[in-house]
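Hi,

Here is the structure I promised to send over. Have a look at it first, and my notes on its pockets follow below.

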Amino acid sequence: MSERSITYVQAFTEAVKLEMDADPDVFIAGEDVGAHGGVFHTFDGVQKDFGERRAVDTPISEQAIIGLGIGAAVTGLRPIVDLMFMDFVLVAADQIANQAAKLKYMFGGDAKVPLTITTCGGAGLSAAAQHSQSLEALFCHIPGIKVICPSTPYDVKGLMSSAVRDDNPTLFVLHKRMLGQRGVVPEERYQVPLGVAKVSRPGNDVTIVSWGKLAADSLVAAELLAADGIDAEVIDLRTLSPLDIDTVVESVRKTNRVVVAHEAVRFGGFGAEVAAQIQELAFDYLDAPVGRIGAPYSPIPFTPALESKYVPDPAAIAVGVRDALARPLLGI
């Protein structure tokens, strides 16, 4: 494959165009995704390349957008529908949780719902409490929908291709602060399989498990820790549902200590599920309790000074790892 460096958002747009070029049943719909190319320019040039019938600007109605997508998917098309900010996904929660996620089961497996819901989550742009949330845990709790949180341009393109080709509904969560991140990405169409985590950095002293922007921040934290002689292994989950717990457990059996880090509120976050499964499957290998890093139990503040303190960063991850290493051995 030929490779070059492009941005996170360019990788996403390229995946969309390649899938639309490969399959005439793929189309996009959402607010401002047509002529404007999306509020975050995730669909730049799509309408120009494929026309208004396959790049559809919709009214400001999240329920209508998802309803359109579900109807199109269950009748044979492969829609990509965009909800702009992740916070807005809640407006269409009934359509997603009670319709898209349930139809295949309720029709005895005969119904296919190849629907890809794209959105941008995360804080860091002073977009305040209603435009900055990380809500992935809510949708991981719903059987029937897959949840994807990529951290690199390479994974954005490959995972998006897999999401569009999948016959089940997927929630594809981009991070607003990562859109300009650059990385090496093949020009060709390719897929990264759903439900397969990645060892981003091998290590022996402690395992850091994360996804999305904090997976990238965990690599920075690992370098901070390396300066103190701490060799951290970093696991990027990439997809939360399905969850590749086997890769995590294999790492924990080697390092014996683990910290789960995410940007979402710590209380009730998806990190708690990961921690619980580690405890169930690798308890005998743990030398200390599973550590968890997340945001405070509070709405996200608007002011940059407070927001920077609210969102976990590489320094906070490094502190959490040091805390985990300082804990006494279990059973002693």
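Which element gives the most to the lining of the second largest pocket? That would be H11, with three residues. Keep in mind as you look around that this is a predicted model.

Staying with that pocket for a moment: its volume comes out at about 190 Å³. It is lined by 13 residues, and those closest to its centre are Gly-124, Arg-177, Glu-307, Ser-308 and Val-311. Helix H11 spans 304–310, and along with helix H8 (213–226) it supplies at least two residues of the lining. Sorted by class, this lining has six charged, five nonpolar and two polar residues. As for where to find the second largest pocket, domain 1 (5–184) and domain 2 (198–326) both contribute lining residues, so it lies between them.

Now the largest pocket. The space in it is about 370 Å³. Its lining has 18 residues, with Gln-133, Ser-134, Leu-135, Ala-264 and Val-265 the closest to the centre. Two elements give two or more residues here: helix H6 (136–140) and strand E13 (258–265). E13 has the largest share, at three residues. On the chemistry side, this lining divides into twelve nonpolar residues, five polar and one charged. The largest pocket also lies between the two domains, because domain 1 (5–184) and domain 2 (198–326) both give residues to its lining.

If you open the model, Arg-177 and Glu-307 are good places to start for the second largest pocket, being among the residues closest to its centre. For the largest one, try Leu-135 or Ala-264, which are likewise among those closest to the centre.

Cheers

Technical notes:
Residues numbered from 1 in each chain as written. Predicted model: local features only at pLDDT ≥ 70, side-chain atom pairs only at ≥ 80, totals over all residues. Heavy atoms only, no water. 1 Å grid on protein atoms, 1.4 Å probe; cavity = no way out; pocket = protein on both sides within 12 Å on 5 of 7 lines; lining within 4 Å. Points joined across faces, edges and corners; volume = space filled by probe spheres on them. Helix = DSSP H or I, 4+ residues; strand = E, 2+ residues; numbered from the N terminus. Nonpolar A, V, L, I, M, F, W, Y, C, P; charged D, E, K, R; others polar. Domains from an automatic or database assignment.
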